[in-house]
Each structure stands twice: as C-alpha cells, then as structure tokens.
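Please find below my notes on the model, in numbered points. They cover charged pairs, rings, one helix and a surface patch.

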Amino acid sequence: MKTLHLYLTRQIVAAVLLTVATFTFVLLLGNLLREILGLLVNRQAAPLMVLQAVALLVPFVMVFALPMGLLTATLLVFGRFSADQELTAVRASGVSLVAVVTPVLLLAVVLSGVSGWFTMQLAPRCRVAYKELLFRLGVDRATGLLAEDTFIKDFPGYVIYLGRVQGDRLQNVLIYQMETPPGLDPDFIPLEPGPGLGEPDGGEFRGPRVARILRAAEAQLRVDGATQEISLHFAEVEAVELDSWAPVVAQDFTLFLRSGVPRPERQGLKLSEMTFGQLIEEAYAYRRQGIDPTPVTVQIHRQAAFSFACVGFTLIGIPLGIRAHRRETSAGVGIALILVMIYYSFIILAQAWETYPGRYPYLLVWVPNFLFQGVGAGLLWWVNRR
C-alpha cells in the first residue's frame, strides 16, 4: 500500500507542477501583453523592472492557477490510471478506491491551505505592489477617474460604489449621500471613531451618516475638460430618503460632484485588492456608518470559499477521471474547463448581486463548494462500490 501511495503521489505532484505552471504562464501572458510588453518594446521599462512585475503578478494568478491545475492533474492522472487497467489490478487485489486516493485527498487539503494564504494575504498585497510599480512606470490605469469594485470616498459628502466601469459607462451604481452633524467638517467622512466622534452618550455614533441612497443600473460619466467638473447622468435613478424610507424614481437626473479627484496613487484599494483582515475592518467601519457592507461581505466570503476550491475539485475530479477512462490530455483539459466554468459562474452571479443584500449573494459563493464536494463524494462512493 505504501508503494502504491508513493506512486500516485509522485504522479499527482508531477502533474500538478506541470499544469499549474501552464495555467500560470497563460494567465501571466495576458497581463504582460496588455500592460508590460509595450513598455519593454518602447524602452520605458528595463528588463529588471519587467521581471519584478512578473514576480509580483505570480501570486495573483496563482489564486486561479492552483485550483485549476490540481483539477486538471487529478483528471489526467486518474484517467490514465483507469485506462491503463492499473485501477482494475488494484481493485482485484482487494484494495478499495477510498484507501487508494487517501494521500491525494490529503494533498488537496494541504493545497487548500496554500491557496487560502495566496487568496487572503499574499495575492492582494502583491497586486497592490504591482499597481504601484506600474504607476511608477507612468502607466495610466484604464479605470479612469472612477474605479470599479471599491467604495470611493474622494468626493466630499458622498460614498460611491460602482459595480463595473466601461469607459464613461458606469454600471450597478450605488451612491450614499452623507449628512454631517453640527460641529463637524462636512468634507470629512471618517471610517473609524476619532476625537469627538466616539459614543459618549449612550452609545450613539456622532459621525457622518447616510441621509439618502441613490441606486441605478447605469450612469454616464461626464467630465468638463475646461473646469474639470465631474457629473453623473442617470436615465433613471431610484432615491430612498432614510427619514421616510419612501423610494422615488427620477428620470433624466444629473448628479454633480465636486472636483478634486486624487492622483492614482492616492485612490482607495479595490475590494479585490484587500487582504482578509482589511476586508473585515472595512465591513465593520461601513456598518457603523449605516452603509450596507454587502459588497465587502461578498468579497470576504469569496476569499474564504475559494480557499476550499482545491478540495471540491479533487473530490469531483477523481471519479470523473476514472469514469472518463481516457489517456488523452485533451479530454482531461476539456472536462476541467467545463467544471471551472460551472464553478466561476456562481462567483460571477454573486458579484453581480452584491448590491442586492436581499438576495444573500455572500452565501451564493459557497454553493459551488458544497455542490462539487457533495457530488464528488457521492460519485466517489458510487465508483468505489462498482
């Protein structure tokens, strides 16, 4: 049994190294062609700087490459294991399939821990460092004046969240208009209690709080080149006054924002660029202000749930590889891509619903894990009995 376990472990580890390296290269190539290669060709960046950018990108793409590589490796190894009749020989000797795959499942648990470290800590920090490197190289970020997937606090009196930015078209727009108690600077919107902003009177928070919420599916960004005045034009927007909670729908509405957009290096982090600890602090701070933290909560659950993707992919990959009974690499890669698309469809749907807390999008990110682990365990039990 020990010899069999060592044989399978060597096969899986070798396949994982190959598939993870392949996926990492493909994902890196897309970022390099889009952002780095042009700088290198135009001699705006030294080769050493390009290598530094690649090194900072590796942890970010490993978040996706590691689960995908483990899934593909599992399908390939167990597909060959079944096609070469090795599994038949093992079963004929009286060894159960569950006993055979135990070291592979333990490896998946270890890689889940590694994936969690990449997802929650290393990748966000490296992504921020990568963006700072690009800014030092003079690269203009495509996000423009307003960045998606982040709470924008640079316009006094407003906290803005944008689901997606496509040029001057903004989608899934959520705007909180703040009111400031007497005695406080209206341009100051703190995220944490400070001097004079604590709760000395019966626990009441005396900082700026939400007075009005604006929600729209789409808005048009307009910038006056002469005055640098920024405005958002809505074909239709729903406004909710927190005093009455009575929604009002306005047509052809324009919201003017005060100028003073910061330089790129002073813009806030995107939610996807925050570590797990930073996200928890962010959610707590917004909850104190009366701002719905659902987008932050979705990101928190997404990071936690995605850390367990390796276990789900391995559980479903073992029986599918055995049932596919194919030695061809193309068959394993094809099945892996289909499973990855199914998994990420839930993540995409949850992020599309992140401004709709009534739909509980933060629970949706756990569905593919439970689905893959449940179906994989059931298939593994069924294959073991045959």
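1. In this predicted model, Arg212 and Glu241 are joined by a salt bridge, with 2.5 Å between the closest N and O atoms. Arg212 belongs to strand E4 and Glu241 to strand E5 (residues 230–241), so the contact ties together parts that are 29 residues apart in sequence. Arg212 has 25% relative accessibility and counts as partly exposed. Glu241, at 28%, also counts as partly exposed.

2. The structure holds 3 salt bridges. Another of them is formed by Glu218 and Arg169, where the closest N and O atoms are 2.5 Å apart. This pair links distant parts of the chain, with Glu218 in strand E4 (residues 209–223) and Arg169 in strand E3 (residues 169–179), 49 residues apart. Relative accessibility is 37% for Glu218, which counts as partly exposed. Arg169 is likewise partly exposed, at 31%.

3. The side chains of Glu282 and Lys153 also meet in a salt bridge, at 3.9 Å from N to O. The cut-off for a salt bridge is 4 Å. Glu282 sits in helix H5, and Lys153 in the loop between E1 and strand E2 (158–166), so this pair ties together parts that are 129 residues apart in sequence. Is each partner buried or partly exposed? Glu282 counts as buried because its relative accessibility is 12%, and the limit for buried is under 20%. Lys153 is partly exposed, with a relative accessible area of 30%.

4. A search of the whole structure gives 17 aromatic pairs. One of these is Phe151 with Tyr286, a tilted pair with 4.3 Å centre to centre and 40° between the planes. Phe151 is in strand E1 (residues 151–152) and Tyr286 in helix H5 (residues 276–289), so the rings tie together parts that are 135 residues apart in sequence. Both Phe151 and Tyr286 are buried.

5. Ring pairs also link a cluster made of Phe60, Phe64, Phe306, Phe313, Tyr343, Tyr344 and Phe372. Over the face of Phe60 lies Arg127, 4.6 Å from the ring centre. A further arginine, Arg215, lies over the face of Tyr356, at 5.5 Å from the ring centre.

6. What span should helix H6 (residues 294–306) have at 1.5 Å a residue? Its 13 residues should span 18 Å, and the end C-alpha atoms are 18 Å apart, so the expected and modelled values agree. The helix is mostly covered, with 12 of its 13 residues buried. Among the buried residues of H6 are Thr294, Pro295, Arg302, Gln303 and Phe306. Phe306 is also a member of the ring cluster.

7. On the surface, a nonpolar patch is formed by Ile338, Ile342, Val367, Leu371 and Val375, which together have about 370 Å² of accessible area. Helix H8 (329–352) and helix H10 (367–385) are the elements that give two or more residues to this patch. H10 provides the largest share, 3 residues. Ile342 lies in helix H8, and Ile342 is partly exposed, with a relative accessible area of 34%. Patch residues need over 30% relative accessible area.

Definitions and conventions
Residues numbered from 1 in each chain as written. Predicted model: local features only at pLDDT ≥ 70, side-chain atom pairs only at ≥ 80, totals over all residues. Heavy atoms only, no water. Phe/Tyr/Trp six-rings, centres within 6.5 Å; stacked < 30°, edge-to-face > 60°. Helix = DSSP H or I, 4+ residues; strand = E, 2+ residues; numbered from the N terminus. Buried < 20%, exposed > 50% of the residue type's maximum accessible area, 1.4 Å probe, protein only. Lys NZ or Arg CZ within 6 Å of the ring centre and 35° of its normal. Expected span 1.5 Å × (residues − 1). Patch = residues over 30% accessible without salt bridge, like charges linked within 9 Å, V, L, I, M, F, W, Y side chains within 5 Å. Areas by Shrake-Rupley, 256 points an atom, 1.4 Å probe, with all protein chains shown as cover.
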